[in-house]
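Biologist: I would like to learn how to read a structure at my own pace, one feature after another. Could you take me through this one, giving the general idea before the particular case?

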Amino acid sequence: MAEPILEVRNISKSYAGVQALRDVSMSVAPGEVRCLVGENGSGKSTLIKTIGGAVVADAGEIVIGGTSFGSSVHPVEAIRHGIQIIYQDLSLFPNLSVAENISLNGMIEQSRRLANWKEMRRIAQDTLDQLDENIDVDMPLDHCSMAQRQIVAISRALTQGAKLIIMDEPTSAITAEDVSRLFKTVRQLNAQGVAMVFVSHKLDEVFEIADTVTVLRDGQKVGDYPAQELDEDKLTFLMSGQNLEFKPFTFDPEAEGAPLLLETRALSLRDQFSDVDLKIYGGEVVGLTGLVGSGRTELALSLFGLNPADHGEILVDGKPVKITGPQDAKRYGISYLPEDRHGQGLFEDQTIADNVVVTVIDRLREFLGLVDNRKREGVWRQWIERLRVKTPSAQNMVSTLSGGNQQRVVLAKWLAPEPRVFILDGPTIGVDVVSKARIHDVVQELARSGIGVLVISDEVTEIMQVCSRALVMQEGRIVAEFKDLQSVDGSEISKVIAREENAEVVS
Ligand SMILES: Nc1ncnc2c1ncn2[C@@H]1O[C@H](COP(=O)(O)OP(=O)(O)O)[C@@H](O)[C@H]1O
Ligand SMILES: [Mg+2]
């Protein structure tokens, strides 16, 4: 076998109490495409950063092209030896041109004093030609799409003599179509002898592109596997260490004599949704699906008072109520987990505990407006334990948590007011399969505790896995209901969503 381009041996790294990597080794051969996979927080980014010199490992050895750098390699040395890391932020200059972004680092690297514009453009053009890419080299970078920027970052890597390009979750920011183009580029580079390490937690992508798969779990390496020996179930098992069987959730409100918590009658809002009759019983998980733009989010927002309806009725515990703002909704025990969690979810620069209690802080005030610290601690402790947020301390910044754990803090925050009806809009968008399964468990646990849950999702599989009943919306109307999800096939729901089937109340 050819000498590896890169070998990391027994790398360990901890951040203030968090063991991000423990004794991890990995080797990359010339010309291979390797995927580095693991659930959020498993240490993928940390491993790459130690390779690129952005993070110094506590122990271990990095060997590039046969040369050992001990436990820490200087970023310039890594580049000189042909290792190029493309981090998620791409590290490009938005106000420089495509040509400058591609060529500048290489020229600086060669210690050129004067930028030769003609040569700079030529280098950029040649590199883009080599990749069969048609991007105007004079275009300012901030006019480029995300996908084009990735190509610029790859081109920049090539001008600096990359033998190995490592990309950290490049596909999370681009569309499916751009993903296939990116993969085409990856294959092209590969054919030219450039090795790639590709970080992802999306299984279908892994199978599309990888020769070899390295799996991390909780900062440790599980193993290296030829891609053709794996399938989705095996890989999910390796990532999580458990068989994530989905547990169907059946609940028949009538048979159980469940309380009707929330009801709408002919609820309408001009140009958004009309004649919506919706019932949510305590103890059930109702799925609400449909195409983007079918009115699901608008309806949910109106139940939370953020987008009040203009016709029809909302009843809580059988009594008509007016919900004209979130304060009303909260008073009636309705909580809402928004779709856009970066905008409305967490305060990144505050502690985990503060993020959990923010929704109930008014309730925790004594006279003079001071917060009762004992009560406050009671609240965050309870929710961090119930949702099993994995952290050494609730006083850590929320930004130190992995994505899946941040998502649990968001849930904790909206659960702290102890809602009776909980509406979740896209609760697992962007989280890996393992965190997703855990969030599904939490949702079902909430229902078992008597809460009425409404889950909005694009994904029929998610609806099938987490809900007991499902509704489909089309153009602002509820057009189908699946009362017992155990007795239907997901494809029937998909057909209604895609309007291949006449809409009617089914099952
Ligand atoms: N700068 C940091 N400070 C503290 N903890 C960190 C830092 N960066 C990462 N971590 C922690 O290290 C672990 C691994 O994180 P990371 O390498 O980003 O995982 P991945 O890329 O697989 O999602 C996580 O628990 C994360 O919270
Ligand atoms: Mg990462």
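**Reading the model feature by feature**

Modeller: Just after α16, Gly450 takes a positive phi of about 105°. Please keep in mind throughout that this is a predicted model.

Biologist: How do I check a helix by its length, and what do the ends of α16 show?

Modeller: An α-helix has 3.6 residues a turn, so residues three or four places apart point the same way. For the length, helix α16 covers residues 433-448, and at 1.5 Å a residue its 16 residues should span 22 Å; the C-alpha atoms at its ends lie 23 Å apart, which agrees.

Biologist: Which residues of α16 are buried, and what covers them?

Modeller: The buried residues of α16 include Val434, Ala437, Ile439, Val443 and Leu446, and among them are also Lys436, Arg438 and His440. The cover over these buried residues includes the helices α8 (232-240), α15 (403-415) and α17 (460-466), together with the strands β13 (285-290), β17 (421-425) and β18 (452-456).

Biologist: Turning to sheets, how should I follow the order of strands, and which strands stand at the edges?

Modeller: Strands of a sheet pair through backbone hydrogen bonds, either parallel or antiparallel. Here four strands form an open sheet in the order β2-β1-β4-β5, with antiparallel pairing. The edges are taken by β2 and β5 (67-68), each of which has a single partner strand, so one side of each is left without a neighbour in the sheet.

Biologist: What are the partners of β1, and how many bridges join them?

Modeller: Strand β1 (residues 6-15) is joined to β2 by seven bridges, in the antiparallel sense, and to strand β4 (residues 59-64) by five bridges, again antiparallel. Glu7 lets you see both pairings, since its bridge partner in β2 is Ser27 and its bridge partner in β4 is Val63. β1 and β2 also form a hairpin with two residues between them, and Gly17 in that turn has a positive phi of about 90°.

Biologist: Where else can I trace a hairpin of this kind, and which residue of its turn has a positive phi?

Modeller: You can trace one at β14 and β15, which form a hairpin with two residues between them, and there Asp317 in the turn has a positive phi of about 50°. Three bridges join β14 to strand β15 (residues 319-321), the two running antiparallel, and Val316 stands opposite Lys319 in β15. β14 (residues 311-316) is also joined by five bridges to strand β11 (residues 260-269), likewise antiparallel, and in that pairing Glu263 has Leu315 in β14 as its bridge partner.

Biologist: What should I make of a positive phi at a residue that is not a glycine, and where does Ala266 lie?

Modeller: Most residues other than glycine have a negative phi, and most peptide bonds are trans. Ala266 is found in strand β11 and has a positive phi of about 50° although it is not a glycine. Asp271, in the loop between β11 and β12 (273-281), has a positive phi of about 65° and is not a glycine either.

Biologist: Are Ala266 and Asp271 buried or exposed?

Modeller: Ala266 counts as exposed because 12 C-beta neighbours lie inside 10 Å, and Asp271 counts as exposed because it has 9 C-beta neighbours inside 10 Å. A further example is Gly369, in the loop between α13 (352-357) and α14 (373-386), which is exposed with 7 other C-beta atoms within 10 Å.

Biologist: How is the chain divided into domains, and how many residues does each of domain 1 and domain 3 give to their contact?

Modeller: The assignment gives domain 1 (6-240), domain 2 (244-333 + 419-507) and domain 3 (345-417). Between domain 1 and domain 3 the contact takes five residues from each, and the side of domain 1 that touches domain 3 has one nonpolar, three polar and one charged residues. The centres of these two domains, taken over C-alpha atoms, are 35 Å apart.

Biologist: Finally, which residues are closest to ligand 1, and which element gives the most to its shell?

Modeller: Ligand 1 is surrounded by 15 residues, of which the closest are Tyr15, Ala20, Lys44, Ser45 and Thr46. The elements that give two or more residues to this shell are β2 (18-28) and α1 (44-52), and α1 gives the most, with three residues. By class, the shell has five nonpolar, nine polar and one charged residues, and it draws at least three residues from each of domain 1 and domain 3.

Technical notes. Residues numbered from 1 in each chain as written. Chains lettered and ligands numbered in written order. Predicted model: local features only at pLDDT ≥ 70, side-chain atom pairs only at ≥ 80, totals over all residues. Near = placed C-beta within 6 Å. Nonpolar A, V, L, I, M, F, W, Y, C, P; charged D, E, K, R; others polar. Domains from an automatic or database assignment. Expected span 1.5 Å × (residues − 1). Buried ≥ 20, exposed ≤ 12 C-beta atoms within 10 Å, placed from the backbone. Contact = placed C-beta atoms within 7 Å. Pairing = 2+ DSSP bridges.
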